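Morning, everyone. Please take a look at the structure on the screen. I'll walk you through a few spots.

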Amino acid sequence: MVRVDAESDGQRIDNFLLRFIKGVPRSHLYRILRRGEVRVNKGRVKASHRLRAGDMVRIPPLRLPEQRAPARAPEGWLARLEGAVLYEDNRLLVIDKPSGLAVHGGSGLSFGLIESLRQLHPGRELELVHRLDRDTSGCLVVTKRRSALRELHRMMREDGIEKRYLALIGGELPRAEMTVDAPLRKNVLRGGERMVSVDPVEGKASRTRFRRLRRLRAGSRVATLVEATLVTGRTHQIRVHAAHLGAPLAGDPKYGDDDWNRELKALGLDRLFLHAAALSFRAEYMSRPLHVEAPLPETLQRLLDALEEIA
């Protein structure tokens, strides 16, 4: 039985459990939550349940796997991350996440961005505020204090953090600026592959604002460089909403156009064209709003420079 302290007030039960059952696979953690083996104040809870100071959490006895030495990130990744800090203060830092690096280990990956940062800064309580897909680059917020994590999670729930992305879509927007309001449902297919689809009945409310920046000729398609602003923050939201418009993201292996992706690969694109370009927010301790931008990676900029502009 564990009593929730003030520092953990507002934390999700799944993240809380990770502090006490280190070494247990995440899949097993969610399994014991679904089975009701974890209780909060004697009641069953979902993984998204948020704790309050003073709650009593029952954690069942668990058999831990044989402990292995934690995998170390290659020195090349560590060197890249050391030079990828866009902003830092005594409560948080903003990292320019490289494409190809998952935000955390698991699902066959021995390390991710957060494990690498902890390796660079041993002893710090570094935690992810939000996530980016493995193939997405750009602004990612990491906290150094649990109190800062709680505040930023609250701000995210209250739309207090603005995130803007740059994306290249295979098609044209119906208007120069538009909002896609299409509920999304997350599914897990055979083999564990995660897919998201538009589902007006069972999907969760999801909104993305798109703004046209440039029209380009990219192989057999007219492509559009867009700025996408998240109103909600669902898994794969921008990718699925773009595909829903009939204009999938360039280089998207999951929701994109395979034939067009092959054309783009011949032009030098070997990744998803989605970049978290900027974020803005003002935490309570800040004297003024924080605005951070991540420059467009060279591989994406080279592709844009190689494409023909359309008036």
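Let's start with Arg-221. It lies over the face of Trp-260, at 5.4 Å from the ring centre. Keep in mind that this is a predicted model. There is another contact of this kind: the charged end of Arg-91 sits over the ring of Tyr-285, and the distance to the centre of that ring is 4.3 Å. And how many aromatic pairs are there? Zero, with ring centres within 6.5 Å as the rule for a pair.

Now the core. The largest nonpolar core holds 35 residues. Which residues have the most contacts inside it? They are Leu-113, Val-142, Tyr-165, Phe-210, Ile-238 and Leu-249. Take Val-142 from that list. Leaving aside residues up to four places away in sequence, Val-142 touches Leu-92, Leu-93, Leu-113, Ile-114, Leu-117, Leu-126, Glu-127, Leu-128 and Val-129. Leu-113 appears there too, as a partner of Val-142.

Ile-238 takes us to helix α6, residues 237-244. Is this helix mostly covered or uncovered? Mostly covered: six of its eight residues are buried. Those are Gln-237, Ile-238, Arg-239, Val-240, His-241 and Ala-242. After α6 comes Gly-246, with a positive phi near 80 degrees.

Next, a sheet. It is open, with four strands in the order β1-β4-β2-β3, and the pairing is antiparallel. Why is one side of β1 and of β3 left without a neighbour? Because β1 (2-3) and β3 (43-44) stand at the edges, and each has a single partner strand. Further in, β2 (residues 39-40) pairs with β4 (residues 56-58) over two bridges, in the antiparallel sense. One bridge to point at: Val-40 has Val-57 of β4 as its partner. Helix α1, residues 13-20, packs on this sheet. The helix touches β1, β2 and β4, and its direction makes about 65 degrees with that of β4. As a reminder, strands of a sheet pair through backbone hydrogen bonds, either parallel or antiparallel.

Last stop: strand β10, residues 177-181. Which residues form its covered face? Met-178 and Val-180. The uncovered face has Glu-177, Thr-179 and Asp-181. β10 pairs with strand β13, residues 207-218, in the antiparallel sense over five bridges. Asp-181, from the uncovered face, has Arg-207 of β13 as its bridge partner.

That's the tour. Questions, please.

Methods. Residues are numbered from 1 along each chain as its sequence is written. This is a predicted model: local features need pLDDT of at least 70, side-chain atom pairs count only at pLDDT 80 or more; totals for chains, interfaces and linings use all residues. Side-chain values use heavy atoms; hydrogens and water are left out. Rings of Phe, Tyr and Trp (its six-membered ring) pair if their centres lie within 6.5 Å; planes under 30 degrees apart count as stacked, over 60 as edge-to-face and the rest as tilted. A charge sits over a ring if NZ of Lys or CZ of Arg is within 6 Å of the ring centre and within 35 degrees of the ring normal. A nonpolar core is a set of buried Ala, Val, Leu, Ile, Met, Phe, Trp, Tyr and Cys residues joined through side-chain atoms within 4.5 Å. Buried means under 20% relative accessible area, exposed over 50%, partly exposed in between (1.4 Å probe, protein chains only). Contact means heavy atoms within 4.5 Å. Two strands pair if DSSP finds at least two bridges between them. Axes are lines fitted to C-alpha atoms, for helices over the stretch in contact, and angles run from 0 to 180 degrees between N-to-C directions.
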